[in-house]
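Here is a short briefing for a reader new to this structure. Take a look at it first, then read on by topic.

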Amino acid sequence: MKPIYEMHLFDKHYLVSEGEQPEHQLEVLFALANLFNIRIIKGEKLVRTEMIRFASSQLGERVPEPFYRGFPESVRQLLPDQLLFDQLVHYAVTYGFGHFSEAGHSLFEEQFERAAFKENAEIKEFSVVTEEEAIVLIGEIVANLLAGTRPLSDIQYRLVKEYVIDFGLNGMEIASKNTIVRLMVDTKNLELADQLSMSDVIRLVDEINYIEYHNNNIKKLNLKNQTRKFITGVINRIFANGRVDIINCFEKKKLWNGLLHHIHYKAVSEEAQQFVDAMRGSENKSVYSEFERHMTEKNIKAAIEALKTGKGSAAVLRNMNYIISRCESFEDMQHLCDCIDTKNVIVLIQLLIQYSQRKGSAARNFVFTKHNMLKIHTETPEEQQRRKSVISEGQVAMLSKYISENLQKILKGRLGKVYIDPDMKNYALPIQETTSQGGFGVLTRGSKLKMPETKKIRAFTYWEKVNDIDLSVFGIGDNGTRREFSWRTMADKNSDAIVYSGDETSGYNGGSEYFDINFEEFRKMYPDMHYLIFCDNVYSGINFEKCFCKAGYMTRDVIDSGEIYEPKTVKSSFMINCDSTFAYLFGVDLQTNEFIWLNMARNGSMTVAGTTDMSFITDYFHVTDIINVYTFFEMMASEVVSDISEAEIVVTNKTVECAEGVEVIREYDVDKMIALMNK
């Protein structure tokens, strides 16, 4: 079985049994429990010795030593001058003399002995399935992912692509144009064009231009003949299938004109010639042109109707802020609210979150994705002054009410009797996971986990095939103040509150860095800090996808025992393989003692953390206060039951005993939630 299938199932707490009759079952069960705290709750007789090695690769049994091998005890014993000298010498050796043959270590650290591991670590419950059962499970996951209208994350897409290559679509429909386009780029399968409209061709060209030519400017194409022939084939196939939405093509008329010229397109039919003439002509008949004309004339009703008729109700919602800011009467506002009749659950949830977090006249953060990379723009003071899209608190409240009511109306009664664990209020819905990395223990962005008072977080990153990756932490205060904890600042900050393992700069053959955060001590030492944000960046300047890098966190006892890296205590371990040098990992709310998932790859080539604005991140810390997994299933249930034996669907983060046929949905079943949101 392909590793990507096994890895994805491992993230869902499944191990796959392949090959002949398993041997050494008791020994394998003992090893899984002893090394990783994995308890097999189903399929014990299917365990195999290979599972030990596979679990190790996912949870990291053999991780490179950090700069300070006695971390954290030895680091606390060293003086700030010694810490600084250590790092300066090591930095000079690496970057001055180019010594990368082996990882450097402290000049001052004395011998140390570790106490045997004696912490209470959480048990990870797994099931073992046969290869045939595994393929069925993967097929169900892929079908659910393909049902989603939103773009997939890189790890989700890779799973879908491998499955489609191996088994085909098997009648499964692809709801997301983004997914169809990516599959076409990778497979060059012209049959997929049957699910596209002509207006989607520009998106296809943009993706090809970025992926195959490493060019993100579609206005400056330099495509090879083979690519030009492929795009021409796609266009002609769409003409043959009659999926020419010329009105939508007018929206990108200049791009179309440039593309047709670049590929030397020759019309193959009368309809094709009419299309070419329209794209090259001076007239623009797009829906948005008509919409803008009515908006300029302050005819709000006509503008809304033009958009709704030409693009659908969801387009009205996407332009909501612009329309609201031009509404001059209650009648206009009422008409706009009456148009919130879309069946698009994801758009409604996004708007509900957006308006619930709106901060009046404060500087806005514009967060969007392109090529599965996060892009951020924070409004400048000059832009704030020129802003025309001003929305009052009353308008925001009115819209939020209508959106919430419409969402509940659409979802009501989709499911039967549902049991929902109260803990599911802490988990966010997978609304926009395109920039996320995947791996064991990864949850949707904004999900919260309450940390026990007796535990601390040990954040980690380890890598190969690159010299220098840096792990850093940033403290954010309510008044906007920020403190940096990184290789640049930690010489005089190591304490019982926060400990850093040292800056490893020669880790090509294996490097690692760690941070220990003791929440109680940190709050005492830095009372002005409300949030912590953990980041990873490649100081060496290459993108994460060109090296091997894992990150994650452990929960360790405040009083340490055992090795620096204990797989038993790993709560999450995931690959960072984005086409970027920078990633946000996770955060901590110091006031509530909650761990919060971020997991975002940021576009750019930043090699030093702390040089960018992070104010937008705290919005994700409150997403579950607006809508969460619990409230989502509560809206869909015909009845929420308190007795699990009465339920037809169980939503929980715990191991439960259910009757046969009862579907159990867990916090990591992102694909099932995606399918339900797009039902």
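A residue counts as exposed when its relative accessible area is over 50%, and as buried when that area is under 20%. Leucine 107 has 53% relative accessibility, so it counts as exposed. The model is predicted. The points below go from the surface to the cores, then to helices and salt bridges.

**A surface patch**
- Leucine 107 sits in the loop between helix H5 (80-97) and strand S3 (124-130).
- Together with Phe85 and Phe108, Leu107 forms a nonpolar patch on the surface.
- The accessible area of these residues together is about 280 Å².

**Nonpolar cores**
- The largest nonpolar core has 101 residues. Ile323, Phe522, Phe534 and Phe633 touch the most other members.
- Helix H19 (residues 345-356) gives the most to this core, with nine residues.
- Another core, of 57 residues, lies apart from it. Its members include Met198, Phe230, Ile238 and Val276.
- Phenylalanine 534 has many contacts beyond its neighbours within four places in sequence, among them Ile457, Val473, Phe515, Tyr584 and Phe586.

**Helix H14**
- Val287, Phe291, His294 and Met295 are buried in helix H14 (residues 287-296).
- Seen down the axis of H14, the buried residues fall within an arc of 100°, so they line one face of the helix.
- They pack against helix H11 (246-249), helix H15 (300-311) and helix H17 (320-326).
- Lysine 298, just after H14, takes a positive phi of about 60°.

**Helix H25**
- Helix H25 (residues 670-677) is largely enclosed by the rest of the structure, because seven of its eight residues are buried.
- The buried residues are Val670, Asp671, Met673, Ile674, Ala675, Leu676 and Met677.
- Their packing partners include helix H6 (131-146), helix H7 (154-167), H19 and strand S6 (415-420).

**Valine 75**
- Valine 75 belongs to helix H4 (residues 73-77).
- Its relative accessibility is 0%, so valine 75 counts as buried.
- Valine 75 and tyrosine 500 are 425 residues apart in sequence. In space, they are 7.7 Å apart, C-alpha to C-alpha.
- Not counting residues up to four places away in sequence, valine 75 touches Tyr68, Leu83, Asn494, Val499 and Tyr500.

**Salt bridges**
- The structure has 36 salt bridges.
- One joins the side chains of glutamate 563 and arginine 114 (3.2 Å, N to O). Glutamate 563 is in the loop between strand S15 (548-557) and strand S16 (570-575), and arginine 114 is in the loop between H5 and S3, so the pair ties together parts 449 residues apart in sequence.
- Glutamate 563 is partly exposed, with a relative accessible area of 44%. Arginine 114 is also partly exposed, at 26% relative accessibility.
- Lysine 311 forms a salt bridge with glutamate 251, and their closest N and O atoms are 3.0 Å apart. This pair links distant parts of the chain: lysine 311 is in helix H15, and glutamate 251 is in the loop between H11 and helix H12 (253-262), 60 residues apart.
- Lysine 524 and glutamate 520 meet in a salt bridge (3.9 Å, N to O). Both lie in helix H22 (residues 519-525), four residues apart, about one turn of the helix.
- Lysine 524 counts as exposed, at 56% relative accessibility, whereas glutamate 520 counts as partly exposed, at 43%.
- Lys456, Arg458, Asp516 and Asp560 are linked in a network of salt bridges.

How values were computed:
Residues numbered from 1 in each chain as written. Predicted model: local features only at pLDDT ≥ 70, side-chain atom pairs only at ≥ 80, totals over all residues. Heavy atoms only, no water. Patch = residues over 30% accessible without salt bridge, like charges linked within 9 Å, V, L, I, M, F, W, Y side chains within 5 Å. Areas by Shrake-Rupley, 256 points an atom, 1.4 Å probe, with all protein chains shown as cover. Salt bridge = Lys/Arg side-chain N within 4 Å of Asp/Glu carboxyl O. Helix = DSSP H or I, 4+ residues; strand = E, 2+ residues; numbered from the N terminus. Buried < 20%, exposed > 50% of the residue type's maximum accessible area, 1.4 Å probe, protein only. Core = buried A, V, L, I, M, F, W, Y, C linked by side-chain atoms within 4.5 Å. Contact = heavy atoms within 4.5 Å. Arc of directions from axis to C-beta.
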